[in-house]
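This report looks at one protein chain and at how some of its charged side chains are placed. Please keep the structure in view while reading.

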Amino acid sequence: MRLLLAIAAGLLLLVSCQRDEKKPANTTPITAQPAEQLKAPPSGVTLTNEQIEAAFAEKAKQLEPNANNTSNEPIELKGVNFQPQVNQFMVNKGQKVFDSKCTSCHNLTAKPYKASGFMGITKRREPVWLMNYMTGVPIDRLNVSGSEKNTLLQCYTRQEGQRLSIPEARDFLELMRYIDQ
């Protein structure tokens, strides 16, 4: 994300530093000094704004994260980023995850069903812990006590083939943020 912002800032600087010429803005050639990740044109070559934007768009496509882990080993996350406001689109997707994987044992209220209720879970656990738990990171890496460990290991979504993908877990976490606000 930082790389993407750096490239965008560099491109904005290039565009803003153009000389004031009497040519249409979208065809004004500028001398390119692109970020190191873009292939630099040969010395003295000028690029139009459209060419720079196309190169930027192509590089941005390559920077998109692939959060779908196709291996059997879960990825241990080190942090979770939140927007200031709850994302309603993610909440709706998280509700679908809950409906398909969690309703057989859990409620969205504080009242337990077969297992604990989810209300208040974001106040009891750190977001990164919740994400790692839902995606199947081994319990030994989650720092839980012995009595709690046995209970947590019984969760259906912790079983291989049933665990949540990182995008599913993030959507579900947004649902938990929503019910806990």
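## A charged pair within one helix

Arg177 and Glu174 are both found in helix α7, where three residues, or about one turn of the helix, separate them. In this predicted model, their side chains meet in a salt bridge, with 3.2 Å from N to O. An α-helix has 3.6 residues a turn, so residues three or four places apart point the same way. Arg177 counts as buried because its relative accessible area is 15%, and Glu174 is buried as well, at 1% relative accessibility. Salt bridges with shared partners join Arg170, Glu174 and Arg177 into one network.

The helix that holds this network, α7, covers residues 166-180 and spans 21 Å from its first C-alpha to its last, which is close to the 21 Å expected at 1.5 Å a residue. Twelve of the 15 residues of α7 are buried, and the helix is thus mostly covered; among the buried ones are Ile166, Ala169, Phe172, Leu173 and Leu175. The buried residues of α7 pack against α3 (88-101), α4 (121-124) and α5 (127-134).

## Other salt bridges

The structure holds six salt bridges, and the table lists some of them.

| Pair | N to O distance |
|---|---|
| Arg177 and Glu174 | 3.2 Å |
| Lys149 and Asp140 | 3.2 Å |
| Arg125 and Glu148 | 2.1 Å |

In the pair of Arg125 and Glu148, whose side chains meet in a salt bridge, Arg125 belongs to the loop between α4 and α5 while Glu148 belongs to helix α6, so the pair ties together parts that are 23 residues apart in sequence. Arg125 is partly exposed, with a relative accessible area of 22%, and Glu148 is also partly exposed, at 29% relative accessibility. As for the pair of Lys149 and Asp140, Lys149 counts as partly exposed at 26% relative accessibility, whereas Asp140 counts as exposed at 62%.

## The loop before α7 and the whole chain

Between α6 (146-153) and α7 runs a loop that contains Thr157, a residue that counts as buried because its relative accessibility is 6%. Leaving aside residues up to four places away in sequence, Thr157 touches Lys101, Met134, Gln162, Arg163 and Leu164.

Taken as a whole, the chain has seven helices and two strands, and from the N terminus on its elements follow the order α-β-β-α-α-α-α-α-α. Of its 181 residues, 30% count as buried. The chain exposes about 12,100 Å², of which carbon and sulfur atoms supply 54%.

Note on methods:
Residues are numbered from 1 along each chain as its sequence is written. This is a predicted model: local features need pLDDT of at least 70, side-chain atom pairs count only at pLDDT 80 or more; totals for chains, interfaces and linings use all residues. Side-chain values use heavy atoms; hydrogens and water are left out. Helices (H or I, at least four residues) and strands (E, at least two) are DSSP runs, numbered from the N terminus. The expected span of a helix is 1.5 Å times one less than its number of residues. Buried means under 20% relative accessible area, exposed over 50%, partly exposed in between (1.4 Å probe, protein chains only). Contact means heavy atoms within 4.5 Å. Accessible areas come from the Shrake-Rupley method with a 1.4 Å probe; for residues, only the protein chains shown count as cover. A salt bridge is a side-chain nitrogen of Lys or Arg within 4 Å of a carboxyl oxygen of Asp or Glu.
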